[in-house]
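Work through the following exercises with the model open beside the text. Each task is followed by a solution that proceeds step by step.

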Amino acid sequence: MLCRLLPAASRGLAGARAASRSIRAAHTLPDLPYAYNGLEPVISEDIMKLHHSKHHQTYVNGLNAAEEQLPEAVAQGDVTKIIGLEAAIRFNGGGHINHSIFWENLAPASKGGGGEPTGDLLAAINAEFGSFEDFKAKFATKTVTIQGSGWGWLGYNKDTGRVQIATCANQDPLEATTGLVPLFGVDIWEHAYYLDYKNVRPDYVSALWGIVNWSDVSKRFADAK
């Protein structure tokens, strides 16, 4: 009886909201592939707890909230709200994508973190940058000089078949922003390093090389081609 009392447009919006809830699976915080203290001494347990359980969880919550509101805004033709929600989805969705890659790009030194890439990935890096050491220097220079907050990336360009260094502001996701497939990313937001390295970004980036999971980066490279 209640549906008969609702205007047709309202019934349509209610149906759209119900359909959205029934079809869309909520995004969830991924488990870390190591313990919170697994990356010490490069990244402390305190930072990992805050970064993963608080900051990443906030991006997941924000993405779910924005996606929940989007169908109704579209159905109502509320362009202002749609634009606002798209900005929220870009920021929170980017944060979710970026961090999900970041966790897997790292590994404890005792479980394969650090060292150098091998095989096709190393060949691609050498072809583009001259050597692995030259790549690290160029990557560090671009990443530590990001103004404000953002991410430094090694990405794969499908058009050229080459790897590239790129940076993105805030939580902008690499592929949606540049077209490059993300292989390896470094979070330059202060919440990622400030408790351990204060404002000395170069020390943070330099230390990260000791826990890079090159097996994960190599798999992403192989999958991207």
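A residue counts as buried under 20% relative accessible area, as exposed over 50%, and as partly exposed in between. The model is a predicted one.

**Exercise 1.** Classify the two partners of the salt bridge between R220 and E104, and place them in the fold.

Solution. The side chains of R220 and E104 meet with N to O at 2.8 Å. R220 lies in helix α10 (residues 214-224) and E104 in helix α4 (residues 79-105), so the pair ties together parts that are 116 residues apart in sequence. E104, with 40% relative accessibility, counts as partly exposed, whereas R220, at 19%, counts as buried. Finally, the pair belongs to a network of salt bridges that links E104, D216 and R220.

**Exercise 2.** Describe the salt bridge that D223 forms with K219.

Solution. The closest N and O atoms of D223 and K219 are 2.9 Å apart. Both residues lie in helix α10, four residues apart, which is about one turn of the helix. D223 is exposed at 54% relative accessibility, and K219 is exposed at 51%.

**Exercise 3.** Determine how helices α5 and α6 are arranged relative to each other.

Solution. The axes of α5 (residues 119-129) and α6 (residues 132-144) come within 8 Å and cross at roughly 70°. Since angles of 65 to 115 degrees count as roughly perpendicular, the two helices, α5 and α6, are therefore roughly perpendicular to each other. Their crossing is left-handed. The contact is made by L122, I125, N126 and F129 of α5 together with F132, D134, F135 and K138 of α6; by class, these are five nonpolar, one polar and two charged residues.

Note on methods
Residues are numbered from 1 along each chain as its sequence is written. This is a predicted model: local features need pLDDT of at least 70, side-chain atom pairs count only at pLDDT 80 or more; totals for chains, interfaces and linings use all residues. Side-chain values use heavy atoms; hydrogens and water are left out. Axes are lines fitted to C-alpha atoms, for helices over the stretch in contact, and angles run from 0 to 180 degrees between N-to-C directions. Angles under 35 degrees count as roughly parallel, over 145 as roughly antiparallel, 65 to 115 as roughly perpendicular and the rest as oblique. A crossing is left-handed if the near helix is turned anticlockwise from the far one by less than a right angle, and right-handed if clockwise. Contact means heavy atoms within 4.5 Å. Ala, Val, Leu, Ile, Met, Phe, Trp, Tyr, Cys and Pro count as nonpolar, Asp, Glu, Lys and Arg as charged, and the others, Gly among them, as polar. A salt bridge is a side-chain nitrogen of Lys or Arg within 4 Å of a carboxyl oxygen of Asp or Glu. Buried means under 20% relative accessible area, exposed over 50%, partly exposed in between (1.4 Å probe, protein chains only).
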